[in-house]
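Me: Can you walk me through how the helices pack in this one? I'm new to this, so keep it plain.
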Amino acid sequence: MPRYKLIIEYDGAPFVGWQVQENGISVQGALMTAVAAFSGETVAVQGAGRTDAGVHALGQVAHFDLATERTTDTVRDALNAHLRPHPIAVLAVEKVAADFDARRSAVRRHYLYRIVNRRPDLALERGRAWRVPRPLDVPAMHAAAQRLVGRHDFTTFRSTECQAKSPEKTLDQLDVSRAVDRVHVATSARSFLHNQVRSMVGSLVLVGEGKWSADDLSRALAARDRSACGPVAPPDGLYLLRVDY
């Protein structure tokens, strides 16, 4: 039974998230429906990351098995044909070993959070970035962010609904940079807790606005208490960039 690996791009705005849920259309559900439409097979499509409602992806990875072998180009084109008009595109398909698992085989996940730091409202990027109207001190944000790099108990930056067995994670990268009025927060780790990236970004924005210092961020981390977290950044600006294997 051949196993196929997908690289997927999507706009998360219309979806309830990656995972199939009863309250709306999910990215996973749309993909499973598309697979069934072209192959006649009901399969489970497993993803590398369970992005939340409104979160986007430029390089989500998924896998599924088919009973009948097909060329990778056929799978890619058939999926894209049946995914329309959903804002989902299968960018690439390859055959992989039977033990490949999009989630468990991943060694690093890379996310980008996009902030537009300006007073005027967003027109073209509404729903695809977080507009922060107050000036942000990006060097201060970057310096404070380094306090979170490494292995820590990230309970403060973890959703109360997070199902991970342990709040301890190793953060490999958390960089904040500016290009004119665009502020980017780039982060990578083997895995993340539920809402961890958005929680870290929201707290870093407090630093950028001068409301928190780097020491305040360290104290929030050390508190291991969700109530010590800053506001959670909206999903609009978060992108799953790529997954390494």
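Reply: Sure, let's start with α1 and α2, which make a right-handed crossing (the near helix is turned clockwise from the far one by less than a right angle). Helices here are DSSP runs of H or I, at least four residues, numbered from the N terminus.

Me: What angle do α1 and α2 pack at, and how far apart are their axes?
Reply: Helix α1 (residues 27–39) and helix α2 (residues 72–83) pack at about 115°, with axes 9 Å apart. The axes are lines fitted to C-alpha atoms over the stretch in contact, and angles run from 0 to 180 degrees between N-to-C directions. So α1 and α2 are roughly perpendicular (65 to 115 degrees; under 35 is roughly parallel, over 145 roughly antiparallel, the rest oblique).

Me: Which residues meet there?
Reply: From α1, they include A30, L31 and F38, and from α2, V75, L79 and H82 are among them. Contact means heavy atoms within 4.5 Å.

Me: Is this a predicted model or not?
Reply: Predicted: local features need pLDDT of at least 70, side-chain atom pairs need 80 or more, and totals for chains, interfaces and linings use all residues. Residues are numbered from 1 along each chain as its sequence is written, and side-chain values use heavy atoms, leaving out hydrogens and water.

Me: OK, new topic. How do α3 and α4 cross?
Reply: The axes of α3 (residues 138–145) and α4 (residues 196–208) come within 8 Å and cross at roughly 130°. That's why α3 and α4 count as oblique. Their crossing is right-handed.

Me: And who touches whom?
Reply: A140, M141, A144 and A145 in α3 meet L204, V205, V207 and G208 in α4.

Conventions. Helix = DSSP H or I, 4+ residues; strand = E, 2+ residues; numbered from the N terminus.
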